[in-house]
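Here are a few notes to help you find your way around this one. Take a look at the model first, and then read the points in any order you like.

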Amino acid sequence: MQENSDLNVSTFKPISRRTAVMACELSDSLHKFYPYDYFYHLSDIDRYNLHSLLLNNREWVQSSRDSFASRKPIWNAFYKDKANFLTVEEKDFFLAVNPVLQLQQSFETASNERVFVNSKGITMRGLIGKRIGFDVYVTDNQERGPEFFRNRIVQYDAVPGVGFYKPFKTTAVDYLDARGSVFFNAGKYFDFQFGYDKNFIGNGYRSLFLSDYGNSNLFLRMNAHVWKLSYNMLLMELVPQTINISAGNKVLDKKYAAIHHLSINAAKWLNIGLFDAVVFGRANHLEFSYLNPVIFLRAAEQQNGSADNAMLGIDYKANVGHQGQFYGQFLLDEFVLKEIKAGNGWWGNKFGVQFGTKFIDAFQVKQLDLQGEINLVRPFTYSHYDSIANYTHYNQPMAHPFGANFIESIGIIRYQLHPKWNTQLKLIFWKQGVDSVNSNFGSDIFKINSSRSHGDYGYEFLGGVLTKGTNISGLVSFEWKENLFLDGSLMYRHAKSELTSAQNTFMFTLGIRLNMFRREYDY
């Protein structure tokens with residue numbers, strides 16, 4: 001599977017259900033053909049995970065689906081298979097409908113207030129004739145996160161990961177999370193998707209290009225997959241930074257962005273990607289020259305007067321042997337070589353770097369997976385000289401949650417000791433140079449970069465008020481029924497700056513969730 005071209009070329013995420021199923025069925029076939037081969041053999045846990053993925057994407061499965069059936073469907077109408085509450089499957093039509101639930105209760109030492117997540121909703125997906133599909137996800141949520149989470153809401157007037165919100169019980173928030181999209185397969189090589197959701201570009205835990213940290217957005221995505229190439233064009237409608245953004249008494253301005261990403265399988269073991277993005281610097285204005293799917297966006301931006309925020313990047317993924325992978329990203333916002341050589345701290349050398357590695361079945365221990373990652377972003381990266389074209393959406397960064405002027409290291413250990421038991425240990429360490437009152441040293445990407453503190457020079461990496469932080473978390477998760485999880489977690493967070501006393505948080509959490517991702521506080 002390390003040389004699977006469809007998986008290697010899939011840097012733009014989420015990958016399609018069809019691609020995931022094809023890869024799983026190939027893995028199952030290799031196991032059956034080479035049952036005693038160390039690298040193709042699937043353990044009982046592997047086969048359980050594979051079966052679960054196929055069960056949750058049954059509309060694309062070509063192999064036998066006899067094992068999907070429930071032994072005791074409810075009234076012979078609901079849960080006919082183990083994964084879906086309601087399923088309709090006819091010759092050219094498929095529909096799956098499922099409830100969504102997450103209930104979390106936490107104890108936090110830094111605050112006397114109860115920390116909780118209360119989410120409930122519905123999700124459904126459909127497929128018409130194997131060419132037209134749709135998905136819908138809607139939840140109603142009440143949340144009071146840990147103290148540092150609440151401080152971030154106050155600082156940016158935004159709830160991480162979501163949009164419009166209302167106060168709830170003084171220090172909690174109430175919000176709807178509604179997402180949905182329609183996709184169309186236009187023959188063998190082209191796919192189109194139009195919707196309101198999140199996208200992610202990269203192979204790591206974080207992304208310096210485009211992450212799923214912030215709010216969902218309206219987008220149109222085109223993907224062309226031919227030969228060793230996968231090309232994605234993404235057009236997005238975004239909301240510029242706004243004071244009292246969730247006041248509910250005004251129509252929010254819009255801004256627009258275009259992203260191109262070309263993924264190339266340079267070798268069976270090596271994938272290289274080219275990234276190109278521009279955020280339009282004019283509110284409520286769509287620049288038609290950026291709609292050309294094959295143009296170099298930086299060149300188009302220059303032809304328009306070079307007023308917009310354009311960025312370039314390159315990423316790579318190298319599979320080593322059967323168990324290892326190295327990956328990374330290099331983001332270029334602005335760069336002048338002579339200024340780097342001069343070493344005088346020119347503010348405009350704006351770039352970011354990511355290095356990472358993954359190792360599966362580490363030390364010949366099945367289901368023990370390791371991941372390490374380093375992210376570094378120079379001051380003023382992602383910012384702009386106006387408040388519209390910065391790389392943000394709905395008062396939240398579109399890439400890394402820390403913004404700029406930081407270095408971060410991440411270590412993750414995942415171990416599945418039983419088909420239904422998953423464990424994870426995650427360690428995050430960071431340093432960041434933040435601003436003091438009335439200063440701008442480049443960490444806050446919402447500030448216009450013409451407001452920098454002392455002219456054009458003298459901006460060292462991690463300059464400003466140095467802040468150091470640690471976030472360590474452990475998770476134990478038990479899958480009671482298909483897609484129904486019982487979670488227990490511990491988190492310790494420590495943050496200290498040169499101007500403030502240490503902020504320590506210890507949090508213990510118990511929760512239950514159904515058909516839903518787990519709420520994370522990983523910053």
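1. A word on terms before we start: helices are DSSP runs of H or I with at least four residues, strands are runs of E with at least two, and both are numbered from the N terminus. Counted that way, the protein chain has 6 helices and 24 strands. Please keep in mind that this is a predicted model.

2. How does the radius of gyration of the protein chain sit with that of a compact globule? For 523 residues, such a globule would be near 24 Å, and the protein chain comes to 23 Å, so the two agree. Along the principal axes, the C-alpha atoms fill a box of roughly 70 × 55 × 50 Å.

3. On packing, 51% of the 523 residues are buried. If you take the contacts between residues at least 6 apart in sequence, 62% of them join residues at least 24 apart.

4. The surface comes next. About 24,300 Å² of the protein chain is exposed, with carbon and sulfur atoms supplying 62% of that area. As for charge, there are 54 positive and 50 negative side chains, and the centres of these two sets lie 3 Å apart.

5. Now try zooming in on asparagine 440, which you will find in the loop between strand S21 (421-434) and strand S22 (465-481). Is asparagine 440 buried or exposed? Its relative accessible area is 1%, and buried means under 20%, so asparagine 440 counts as buried. A polar atom of its side chain lies 3.1 Å from the backbone nitrogen of glycine 442. Beyond its neighbours within four places in sequence, asparagine 440 is in contact with several residues, among them Phe380, Asp435, Lys447, Arg452 and Tyr459.

6. Arginine 179 is another good stop, this time within strand S7 (residues 172-185). Arginine 179 has a relative accessible area of 15% and is buried. Its side chain makes a polar contact of 2.9 Å with the side chain of aspartate 177. Setting aside residues up to four places away in sequence, arginine 179 touches residues including Asp135, Tyr137, Tyr196, Asp197, Ser216 and Phe517.

7. Finally, have a look at helix H4 (residues 147-156). Which of its residues are buried? Phe148, Phe149, Arg150, Arg152 and Ile153 are buried there. Just after H4 comes aspartate 157, whose phi is positive, at about 55°.

Methods: Residues are numbered from 1 along each chain as its sequence is written. This is a predicted model: local features need pLDDT of at least 70, side-chain atom pairs count only at pLDDT 80 or more; totals for chains, interfaces and linings use all residues. Side-chain values use heavy atoms; hydrogens and water are left out. The radius of gyration is taken over C-alpha atoms; the globule rule is 2.2 Å times the number of residues to the power 0.38. Buried means under 20% relative accessible area, exposed over 50%, partly exposed in between (1.4 Å probe, protein chains only). Contact means heavy atoms within 4.5 Å. Accessible areas come from the Shrake-Rupley method with a 1.4 Å probe; for residues, only the protein chains shown count as cover. Lys and Arg count as positive and Asp and Glu as negative; His and the chain ends are not counted. The place of a charge is taken as NZ of Lys, CZ of Arg, CG of Asp or CD of Glu. A polar contact is a pair of N or O atoms within 3.5 Å; within protein, one must be able to donate a hydrogen and the other to accept it, and residues adjacent in sequence count only if both atoms are side-chain atoms.
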